[in-house]
Amino acid sequence: MAAPSEAERAEVLTEQHMKDLEERFDPEVRFRPLPPLLGWIAAGALFILSCYHYYTAGFGIPQATTHRGLHLAFTLALAFVFFTAWGQPREPRSGLLRPLGLPLYDWLFAIAGAVTALYVPWIFNDLAFRVGNPLPIDVFMGTILIVVMLEATRRAMGWPLPVIAVLFIAYAYFGQSMPGVLAHPGASWDNIVNHLYLTSQGIYGTALGVISTYVFHFVLFGVLATRIGLGQLFIDLASALAGRYSGGPAKVSVLSSAMLGSISGSSIANTVTTGSLTIPAMIRIGYPRHFAAAVEAASSTGGQITPPVMGAVAFLMIEYLGVPLTTILTAALVPAFMHFFGVLVQVHLEARRRGLRGLTRDELPVAWTVFKAGWLTTLPLFVLVAVLLSGKTPYLAAFWGITSCLLVLVIQNLVRHDIRTALRESVRETWDGFVVGAKYSLSVTAAAALVGVIIGVVTLTGVGFKIAYMVTSIAAGWAESVSASLAFLPFEVLSVTALTLLFTLIMTAVVCILMGCGIPTTANYLIMIAVAAPILGLLGVEPLVAHFFVFYYGVLADITPPVALAAYAASGIAGANAFKAGNTAFRLGMGKALVPFVFVFSPSLLLVVEGFSWTEFLLAGTGAMAGIWMLSAAFANWLFAPLRTYERALLVVAAILLVAPDLYATLVGVVLVAPVALRQMPFIGKEAAAGNER
């Protein structure tokens, strides 16, 4: 975009302000400043951790427990270096009890975390004789590690996840005191620690394995890809392609967030990165501040559901479901499109209703010029996708993607500088990228290890199936009541079985959103597949479909008040009311809320399920798009002209019927839309002409 005027510059926030906003709303990157000596030591440790993962991704990963133990030891030690125990990070102080600027208890926690994490790999050859019959030293070390992980996760992410973990541990210990179906014989502390610490069902289980084997590499790839300019290329291309249309900056926000989301799985980071440019531009052309913030937040949450990276969850799915990554990425395509389609439609209708212009030619970059200048930065992404599609392991794909980023970095510096300066700059930028990439992985590793505790309790006590029984029993009761109350109708709206599934999905969705209010998406997903996936499994939902359902509703928490962190970060950029921005962002993200119900009842929408049917896919896909459009029109009070109150009500009902993957429901929805569309037809030409004049 062209340089803003003096008046416009007041809306553009500095890079430091952007960083402050990200730290304010995302505790995972709220690192404390370190004194120079400790800063260099910690940076060196982070660089070594990145180098270790880069090497093992390309040349082979060690034995699983050893690999996970090394990763966890580094992470826990560094977590107590970078995250403060209380309050906001402050400048370091020196003193007898603060060696190298940190409190003594931080050093004790760091050392305890490293030692206890490495203890299991150290005794690995003896584990076969100690699992089920732990020595006192095993119980002591396991207890210390659990305490250290609770504290590390509390510092990095806040209280919710540690509190949930403590409640699960208490459930395992006090099982005999639990009421009704939740009761179980209970487990001694020795047995709990044995299961969580010495087996692969707990701390050293799949969650930690995926983070240390896959996720770390893709976080590092995303950091390096952004540093070579791929993220900026996406933003500039989106501006060139969509900026000239009505409400242009908002459409740029949607498109750039979709593209940037392909390399970054962080909702808040995406919000801050693209929002610093798009939010001020949206405000300048006339969007209300809260709406501009909501557009950016709703668009940015799509990053976690957009292939090929999808945050960490895609890699967790391949481990838990035992399917190739290409299957997960293919299944994610249509639901991701539906999310961005829903946001884009509402943005367009709002722009038409308000008569907002697009960006002028002078304000826009030229697509070909942008691509010609930055095409080289797309090489790592193409390499990554090509290796993934070839059937190689995800971490090998990440290895070649990272290698491509480093190669592009060197080429860029050689173009800009002489050879000596280019090499020096390449080394410096590689160091910075490796350090930042490892630093961003600290919180997610601590959370994944602690989620291993929760999953371990589930496998130890069988509480997942107990909860599944309770929820399905409640849903079945509601379904029978509703079916009985509708018995007077001459036709059946939904069978008792379908109603049971519907009510179960609603309860599961609510729990996912509530859990996501205080827990990051990855941790939320891990907990819900341990607790909620068995519920859906009892009702015949395919595992892939069940996993996608809980994942999508976990992501939705980032734009669901009262803890809509992405919306709050965007409101900080826009200077808007945070709660109002959160409510609007939730409305804009309704595609993400509706589509999971569609693909549960019509799994063909995920493309790769058994029994895929093109007829079912087209009916469900077309109906979902039409339903999202009609619901958007009702919310925006605009289709091709203003709507009357009864027309908005008709469109809401029609939207629900159109989204329902049933031919008869779709036809009824079309009948309800028809009178509204007929009354709006005379306005279509006028609306288009007015849009052209603007």
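Visitor: How many aromatic pairs does the count come to?

Guide: Keep in mind that this is a predicted model, where local features need pLDDT of at least 70, side-chain atom pairs count only at pLDDT 80 or more, and totals for chains, interfaces and linings use all residues. Residues are numbered from 1 along each chain as its sequence is written, and side-chain values use heavy atoms, with hydrogens and water left out. Rings of Phe, Tyr and Trp (its six-membered ring) pair if their centres lie within 6.5 Å; planes under 30 degrees apart are stacked, over 60 edge-to-face, and the rest tilted. By that rule, the aromatic pairs come to 34.

Visitor: Okay, what kind of pair do Tyr197 and Tyr204 make?

Guide: Both Tyr197 and Tyr204 are buried, meaning under 20% relative accessible area (exposed is over 50%, partly exposed in between; 1.4 Å probe, protein chains only). Their ring centres sit 6.3 Å apart with the planes at 50°, so the pair is tilted.

Visitor: And what about Tyr552 and Phe599: how many residues apart in sequence are the parts they tie together?

Guide: These rings have centres 5.9 Å apart and planes at 85°, so this pair is edge-to-face. Both Tyr552 and Phe599 are buried. Tyr552 lies in helix H26 (residues 543-556) and Phe599 in helix H29 (residues 590-601); helices here are DSSP runs (H or I, at least four residues), numbered from the N terminus. So the pair ties together parts whose separation in sequence is 47 residues.

Visitor: Which residues form one aromatic cluster?

Guide: This one takes in Tyr, Trp and Phe residues. The cluster is formed by Trp40, Phe47, Tyr54, Tyr55, Phe59, Phe399, Trp400, Trp431 and Phe434.

Definitions and conventions: Helix = DSSP H or I, 4+ residues; strand = E, 2+ residues; numbered from the N terminus.
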